[in-house]
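Here is a friendly walk through one model, written for someone who likes to check geometry against coordinates. Have the viewer open as you read.

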Amino acid sequence: MDILIDEFLRTSLTLKAIGAIFVIALLIQLFYYLYYYTGVWSLARKINKGNNPYDKQRPPVSVIICAKNEADNLEKFLPSILEQDYPEFEVIVVNDGSTDESSNLLEHLQLKHKNLYQTFLPMEAKYHSRKKACLTVGIKAARYEHLLFTEADCQPNSKFWISNMVQNFTPKTEIVLGYSSYEKKEGFLNAMLNYDNIFNAMQFMGFARKGKTYMGTSRNLAYKKELFFKNKSFASHLDLTLGDDDIHIQQISTPENVQIEFFHNGAMTSFREHTYKTFFAEKDMRMYTGLRYNARTKSLIRTELTSRFLSYILTIVLIPAFLFNSLFIMAGITAGLFLLRFITQLCIINSTCKCLHEKSKIFSIPLFDLLLPSITLYLYSVRNFTRPKVAQWGA
């Protein structure tokens, strides 16, 4: 103890100040992981112990899919939705002026599946966001109060997808945030994409569990029709291409009306083809949309990002500085504190991966943990202030 006190007294005021910032950043990181990011894992433990929030009622459901030139995907994946094991549901495909074989395919499927309906958004119709216009058309066409949304390139993980999602609609619940994974492939891009997806799910589901809902994913999302019209649909962000699964969800959510669904049977898998160009473009548009998040959400996300950067950067600064000044115990404490953060992060991320039926992450955590927020920072500081406000979805 005397040696520690001696080293602390010999530490310069500058290093003490940097060390204090490092400790604060580390405590913020530990708070986020232990308080917010355990949301999926803690709910899984609660349900496995028999204490679950589910409702045994099975209300009729309208599944809504917007599609633009998605004939191939509809042919592959739509039958798995139409053949769900659920008492009463309809599937509405909103055809956004497709020029491929989508219409003919849907007409053919309608001969076999009487619960499949096709509606259209004419190509000549002028809207700021065609996707939101398609969603509005689909919602207006829906016969049922409970709405379930997915995309044409998605396939349910089981024939109980609808059942698993809808069982979360308790008397208080009006929104269900579902999990959707990406197809697993070889390569760095796919590894980065899947890590980003897992972390985002851990974040938005964890926040929702604490009453701070800020988004879902349009690949697997449900809410009540009445809630959509009561909150004037997408009126406040029609100038943005995106926003239907984040800004809209922020506006219609309360601390009490949201549930999350992450179990394998209630999840979707997306088979969307990604390149580095499309990955950056999607992140770019998501970051641009994020500029319109409410102040609380922006503060929560930016505080986490800032503390994450500081925990890495200040570790790299402090350890060499302490060693250079022969402050070996201080260097060891710094390394130990960073190791504590990493072990906590490793346990929580891998526990969440287990709940989501995803592969465990060990060696990829430090790489993507710093790389992905660096991409986010780049997009915030460079791209978002120059890009146009209107873009076409499905392009």
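Let us start at a single pairing: leucine 148 has alanine 222, in strand 8, as its bridge partner. Please keep in mind throughout that this is a predicted model. The pairing belongs to a set of four bridges that join strand 4 to strand 8, and these two strands run antiparallel.

**Strand 8 and the seven-stranded sheet**

Strand 8 also has a partner in strand 6. Strand 6 (residues 175–178) and strand 8 (residues 221–224) pair in the antiparallel sense, over three bridges. Isoleucine 175 has tyrosine 223 of strand 8 as its bridge partner, while leucine 177 is matched with leucine 221.

How are the two faces of strand 8 covered? Leu221 and Tyr223 are buried on one side, and Ala222 and Lys224 are buried on the other.

Now zoom out. The open sheet holds seven strands in the order 3-2-1-4-8-6-9, with mixed pairing. Its edges are strand 3 (116–120) and strand 9 (258–261), each of which pairs on one side only. On average, neighbouring strands of this sheet are turned by 20° against each other, direction ignored.

Helix 4 (residues 71–82) packs on the sheet and touches strand 1 (61–67), strand 2 (89–95), strand 3 and strand 4 (146–151). The direction of helix 4 makes about 155° with that of strand 2. Helix 5 (residues 102–112) lies across strand 2 and strand 3, and runs at about 155° to strand 3.

Asparagine 115 sits in the loop between helix 5 and strand 3. Is this residue buried or exposed? Asparagine 115 is buried, because its relative accessible area of 18% falls under the 20% cut-off. Beyond its neighbours within four places in sequence, asparagine 115 is in contact with Leu82, Phe89, Glu90 and Val91. Asparagine 115 and serine 62 are 53 residues apart in sequence, yet their C-alpha atoms are 9.6 Å apart.

**The three-stranded sheet**

A further open sheet has three strands in the order 5-10-7, again with mixed pairing. Strand 5 (154–156) and strand 7 (180–182) are its edges; each has a single partner strand, so one side of each lacks a neighbour in the sheet. The twist from one strand to the next averages 30°. Strand 7 and strand 10 (residues 268–270) run parallel and are joined by three bridges, with serine 180 opposite methionine 268 of strand 10.

**Salt bridges**

Side chains of opposite charge can pair when their charged atoms come close. The count for this model comes to 17 salt bridges. Three of them are set out below.

| Pair | Closest N to O | Separation in sequence |
|---|---|---|
| Aspartate 96 and arginine 130 | 2.4 Å | 34 residues |
| Lysine 131 and glutamate 151 | 3.3 Å | 20 residues |
| Arginine 272 and glutamate 282 | 3.6 Å | ten residues |

Aspartate 96 lies in the loop between strand 2 and helix 5, and arginine 130 in helix 6 (residues 130–141). Both aspartate 96 and arginine 130 are buried.

Lysine 131 is in helix 6 and glutamate 151 in strand 4, so their salt bridge ties together separate parts of the sequence. Lysine 131 is buried at a relative accessible area of 9%, and glutamate 151 is buried at 14%.

Arginine 272 lies in the loop between strand 10 and helix 11 (276–290), and glutamate 282 in helix 11 itself. Arginine 272 is partly exposed at 25%, as is glutamate 282 at 29%. Salt bridges that share partners join Lys131, Glu151, Asp153, Asp244, Arg272 and Glu282 into one network.

**Backbone and surface details**

Most residues other than glycine have a negative phi. Asparagine 69 has a positive phi, near 55°, and is found in the loop between strand 1 and helix 4. Asparagine 69 is partly exposed, with a relative accessible area of 36%. Lysine 232 also has a positive phi, of about 60°; this residue lies in the loop between helix 9 (225–230) and helix 10 (247–252). Lysine 232 is exposed, with a relative accessible area of 64%.

Finally, Met1, Ile5, Phe8 and Leu9 make a nonpolar surface patch of about 470 Å². Phenylalanine 8 belongs to helix 1 (residues 2–10) and is partly exposed, with a relative accessible area of 42%.

Definitions and conventions: Residues are numbered from 1 along each chain as its sequence is written. This is a predicted model: local features need pLDDT of at least 70, side-chain atom pairs count only at pLDDT 80 or more; totals for chains, interfaces and linings use all residues. Side-chain values use heavy atoms; hydrogens and water are left out. Two strands pair if DSSP finds at least two bridges between them. Axes are lines fitted to C-alpha atoms, for helices over the stretch in contact, and angles run from 0 to 180 degrees between N-to-C directions. Contact means heavy atoms within 4.5 Å. Buried means under 20% relative accessible area, exposed over 50%, partly exposed in between (1.4 Å probe, protein chains only). Patches are made of residues with over 30% relative accessible area and no salt bridge: like charges are joined within 9 Å, nonpolar side chains (Val, Leu, Ile, Met, Phe, Trp, Tyr) within 5 Å. Accessible areas come from the Shrake-Rupley method with a 1.4 Å probe; for residues, only the protein chains shown count as cover. A salt bridge is a side-chain nitrogen of Lys or Arg within 4 Å of a carboxyl oxygen of Asp or Glu.
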